[in-house]
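Visitor: Could you take me through one part of this protein closely? I would like to look at a single helix and what lies around it.

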Amino acid sequence: MLRLQSVEAAYGSVRALFGLSLEIREREVVCMIGANGAGKTTTLRVVTGALRPTQGEIQFLGRPIASLRMSEIVRLGISCVPEGRKVFSTMTVQENLEIGGYIRRHDKRWLADTMEQIFTYFPILRDRRTQLAGTLSGGEQQMLALGRAMMSRPKLMLLDEPSMGLAPLMVERTFEAIQNIAKAGTTILLVEQNARMALTVADRGYVVQMGRIVMSDTAGGLLQNDQVRQTYLGIGARKEDP
Ligand SMILES: Nc1ncnc2c1ncn2[C@@H]1O[C@H](COP(=O)(O)OP(=O)(O)O)[C@@H](O)[C@H]1O
Ligand SMILES: [Mg+2]
């Protein structure tokens, strides 16, 4: 579904991606784990069109997308839940959702149906639909950010650190929601510093270091990998089975 091949990207003279390649098949949940500054957010930004790669190719459903505008990429079926959620705090929950459905703004019926679906995932958003987004708790804002990204009915959702800054119970709820979205057929690329949670919900994972993929395996394989355990899960090497 999505393929990045030898992608390089930079912020002015600061290089961030050094030939990064990865691929995601339809209906997979794939995670990227890596330290702060490894290039995870930058990877998502080149996919959404927020940042142009300087080298390499990006294909979505067989077509090159690296030179398309962000709105065109949303239309093809990619949407993103950004790092830090970035809900519009002085707008209501409903207005935030409407912005997520911007590409279909003239189709009121389509928007209403989609919003209704999102309310079945997140009943709290229905209860709070007229409330300003800035007055929601962190967990509720994360639900809103997920709901807003679902408003374009994406085929592929990119999630940037959805657990960041949330209380443990809210982290659990967020990951449950992500699993439900995946079960309903949406393909997911999940970026997380919470490697344990990410590897629990993902089918496969990539480890990113200094703008490159340094390891790739099934989620189970990565959870068993000594280097991953020490560096990203904060636990000692796996004991030999007796
Ligand atoms: N807006 C920016 N301007 C300059 N450098 C940036 C900017 N955003 C990120 N970087 C740099 O790009 C590299 C990758 O960052 P990022 O993709 O945000 O990492 P991650 O999401 O894995 O923490 C880092 O070295 C970071 O300092
Ligand atoms: Mg980041």
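Guide: Let's start with helix H1, which lies across S3, S6, strand S7 (156-160), strand S8 (187-192) and S9. Its direction is at about 150 degrees to that of S7. Please keep in mind that the model is predicted.

The strands under H1 belong to an open sheet of six strands with mixed pairing, and its order is S6-S7-S8-S3-S9-S10. At the edges you will find strand S6 (78-81) and strand S10 (212-218), each of which pairs on one side only. From one strand to the next, the twist averages 20 degrees. As a general point, strands of a sheet pair through backbone hydrogen bonds, in either a parallel or an antiparallel fashion. Here S3 (residues 29-33) and S9 (residues 204-209) run parallel and are joined by four bridges. If you want one to locate on screen, take Ile33, whose bridge partner in S9 is Val207.

A second helix can be placed against this sheet too. Helix H6 (residues 138-150) lies across S6 and S7, and runs at about 170 degrees to S6.

Now back to H1 and to ligand 1. Around ligand 1 are Tyr11, Val14, Ala16, Gly34, Asn36, Gly37, Ala38, Gly39, Lys40, Thr41 and Thr42. H1 supplies three residues, the largest share of this shell. Strand S2 (14-24) and helix H1 (40-48) each supply at least two residues to the shell. By residue class, the shell holds four nonpolar, six polar and one charged.

One member of that shell, Gly39, deserves a closer look. Gly39 sits in the loop between S3 and H1. It counts as buried because it has 25 C-beta neighbours inside 10 Å, where 20 or more are needed. Beyond its neighbours within four places in sequence, Gly39 is in contact with Ala16, Leu17, Leu20, Val208 and Gly211. Ala16 is also among the residues that surround ligand 1. For a sense of distance, the C-alpha atoms of Gly39 and Gly139 are 25 Å apart, with their positions 100 residues apart along the chain.

The backbone offers something to check around S7 as well. Glu161, in the loop between S7 and helix H7 (168-183), has a positive phi of about 50 degrees although it is not a glycine. Glu161 counts as buried, since 20 C-beta neighbours lie inside 10 Å. Ser6, which is in strand S1 (residues 2-11), likewise is not a glycine and has a positive phi of about 50 degrees. Ser6 is partly exposed, with 13 other C-beta atoms within 10 Å.

Finally, let's step back to the setting of H1. The protein has 10 helices and 10 strands. Its radius of gyration is 18 Å, close to the 18 Å that the globule rule gives for 242 residues, so the protein is as compact as a globular protein of that length. The C-alpha trace spans about 55 × 45 × 30 Å along the principal axes. Of the 242 residues, 39% are buried. Among contacts with a separation of 6 or more, 65% involve residues 24 or more positions apart.

How values were computed
Residues numbered from 1 in each chain as written. Chains lettered and ligands numbered in written order. Predicted model: local features only at pLDDT ≥ 70, side-chain atom pairs only at ≥ 80, totals over all residues. Rg over C-alpha atoms; globule rule 2.2 N^0.38 Å. Buried ≥ 20, exposed ≤ 12 C-beta atoms within 10 Å, placed from the backbone. Contact = placed C-beta atoms within 7 Å. Near = placed C-beta within 6 Å. Nonpolar A, V, L, I, M, F, W, Y, C, P; charged D, E, K, R; others polar. Pairing = 2+ DSSP bridges. Axes fitted to C-alpha atoms, helices over the stretch in contact; angles between N-to-C directions.
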